[in-house]
Amino acid sequence: MSDVCLICGAPLKYLDAAEEMQCAVCGGVFSGNARCENGHYICDACHASPAESAVRAVVLHTTSKNPIEIAQQMMASPAVHMHGPEHHFLVAAALLAAYKNSGGEADMNTALNAVISRGKLVPGGFCGMAGNCGAAVSAGIFLSVIQKTTPLSEENWAAGMRMTAACLEAVARHGGPRCCKRDSFAALTQACRFLKEEAGILLEVSDSIICSHSSKNRECLKEGCPYYSP
Ligand SMILES: [Zn+2]
Ligand SMILES: [Zn+2]
């Protein structure tokens, strides 16, 4: 994996001499020795957190208003595993990018740092171990961040929980075992419905979602999954 680009998966090219390049994730300018065939350079600090950097890069560059489409762009990175706790911030980050691209108000730097740091608090395997899927929690985190909810909030305090509860119900409907793709798609679909009905926030939604990851998932429900395509 270290020889392919975290953003687009293209092979890395090593340069004869170091060059000043702008990091495609954090925007910093550094002297580097490698970039991918499509020109992406990623600095050492960003390279140390590959899944986070892949998610951040998509948020920074995508123009899509559809959080499912954005999540699929993130999932296409080789740094985002079939299953893993990166989905616990990926869902919130996809919602945030779609919200921003739809004209939503947010200080993006602060909001993106918040959804990522809060999403990282949810460990891997939380779905089975705590009866609480991190993709659903992530949707609640998104709402908390854009509504600036704190434990002392009155108006929005319950909204984040109802968002998480609605998404959790949608995730649970499909049954186990866990699939971080299926659970993310279910949470995102329900999150869009909730945002429209309860917060008046309209994001683009996909008519149908087709998963391209089933061959990597030994426990795929196949015909039992609404997103499966043979
Ligand atoms: Zn690339
Ligand atoms: Zn960087």
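Student: Is Cys36 buried or exposed?
Tutor: Let's start with where Cys36 sits in this predicted model: the residue lies in strand β2, which covers residues 29-36. A residue counts as buried if 20 or more other C-beta atoms lie within 10 Å of its own. Cys36 has 20 such atoms within 10 Å, so Cys36 is buried.

Student: Which residues does Cys36 touch, not counting residues up to four places away in sequence?
Tutor: Good follow-up! Contact here rests on C-beta atoms that lie within 7 Å of each other. With residues up to four places away in sequence left out, the partners of Cys36 are Cys5, Cys8, Ala10, Pro11, Leu12 and Lys13.

Student: How far apart are the C-alpha atoms of Cys36 and Ser153?
Tutor: Along the chain, Cys36 and Ser153 are 117 residues apart. In space, the separation of their C-alpha atoms is 46 Å.

Student: What class of residue makes up the side of domain 1 that touches domain 2?
Tutor: The domain assignment gives domain 1 as 12-46 and domain 2 as 49-224. Contact between them involves 4 residues of domain 1 and 4 residues of domain 2. On the domain 1 side, no polar and no charged residues take part, and the 4 residues there are nonpolar.

Student: How far apart do the C-alpha centres of domain 1 and domain 2 lie?
Tutor: Here we look at the centres of the two domains, which the assignment places at 12-46 and 49-224. The distance between these C-alpha centres is 29 Å.

Student: Is His47 buried, partly exposed or exposed?
Tutor: You will find His47 in helix α1, residues 44-47. Beyond its neighbours within four places in sequence, His47 has contacts with Ile42 and Ser53. Inside 10 Å there are 16 C-beta neighbours, and the class between 12 or fewer and 20 or more is partly exposed, so His47 counts as partly exposed.

Student: Moving on to helix packing, are α3 and α4 roughly parallel, roughly antiparallel or oblique?
Tutor: Two packed helices are described by the angle between their axes and the distance between the axes. For α3 (residues 67-75) and α4 (residues 87-101), the axes are 8 Å apart and the angle is about 130°. That angle makes α3 and α4 oblique.

Student: Which residues of α4 meet α3?
Tutor: α3 passes α4 in a right-handed crossing. On the α3 side, the contact uses Pro67, Ile70, Ala71 and Met74. The residues of this contact divide into 10 nonpolar, no polar and no charged. From α4 come Leu90, Val91, Ala94, Leu95, Ala97 and Ala98.

Student: Is α4 roughly parallel or roughly antiparallel to α5?
Tutor: The axes of α4 and α5 (residues 108-119) come within 8 Å and cross at roughly 160°. Angles over 145 degrees count as roughly antiparallel, so α4 is roughly antiparallel to α5.

Student: How many charged residues does the contact of α4 with α5 have?
Tutor: From α4, the contact includes His88, Phe89, Ala92, Ala93, Leu96 and Lys100, while α5 brings Met108, Ala111, Leu112, Val115, Ile116 and Gly119. By class there are 9 nonpolar and 2 polar residues, and the number of charged ones is 1.

Student: What is the handedness of the crossing of α4 and α7?
Tutor: α4 and α7 pack with their axes 7 Å apart, at an angle of about 40°. The two helices are therefore oblique to each other. Their crossing is right-handed.

Student: How many polar residues are in the contact of α4 with α7?
Tutor: Among the α4 residues in this contact are His87 and Tyr99, and among those of α7 are Gly134 and Phe142. The contact has 12 nonpolar and no charged residues, and its polar residues number 4.

Student: Which peptide bond is cis, with omega near 0°?
Tutor: Most peptide bonds are trans. For this one, look in the loop between α8 (157-172) and α9 (180-199), where Pro177 is found. The cis bond runs from Gly176 to Pro177.

Student: Is Lys148, with its positive phi, buried or exposed?
Tutor: Lys148 is found in the loop between α7 and α8, and its phi is near 50°. The cut-off for an exposed residue is 12 or fewer other C-beta atoms within 10 Å. Lys148 has 12, so Lys148 is exposed.

Notes:
Residues numbered from 1 in each chain as written. Chains lettered and ligands numbered in written order. Predicted model: local features only at pLDDT ≥ 70, side-chain atom pairs only at ≥ 80, totals over all residues. Domains from an automatic or database assignment. Contact = placed C-beta atoms within 7 Å. Nonpolar A, V, L, I, M, F, W, Y, C, P; charged D, E, K, R; others polar. Axes fitted to C-alpha atoms, helices over the stretch in contact; angles between N-to-C directions. Helix = DSSP H or I, 4+ residues; strand = E, 2+ residues; numbered from the N terminus. Parallel < 35°, antiparallel > 145°, perpendicular 65-115°, else oblique. Left-handed = near helix turned anticlockwise from the far one by under 90°.
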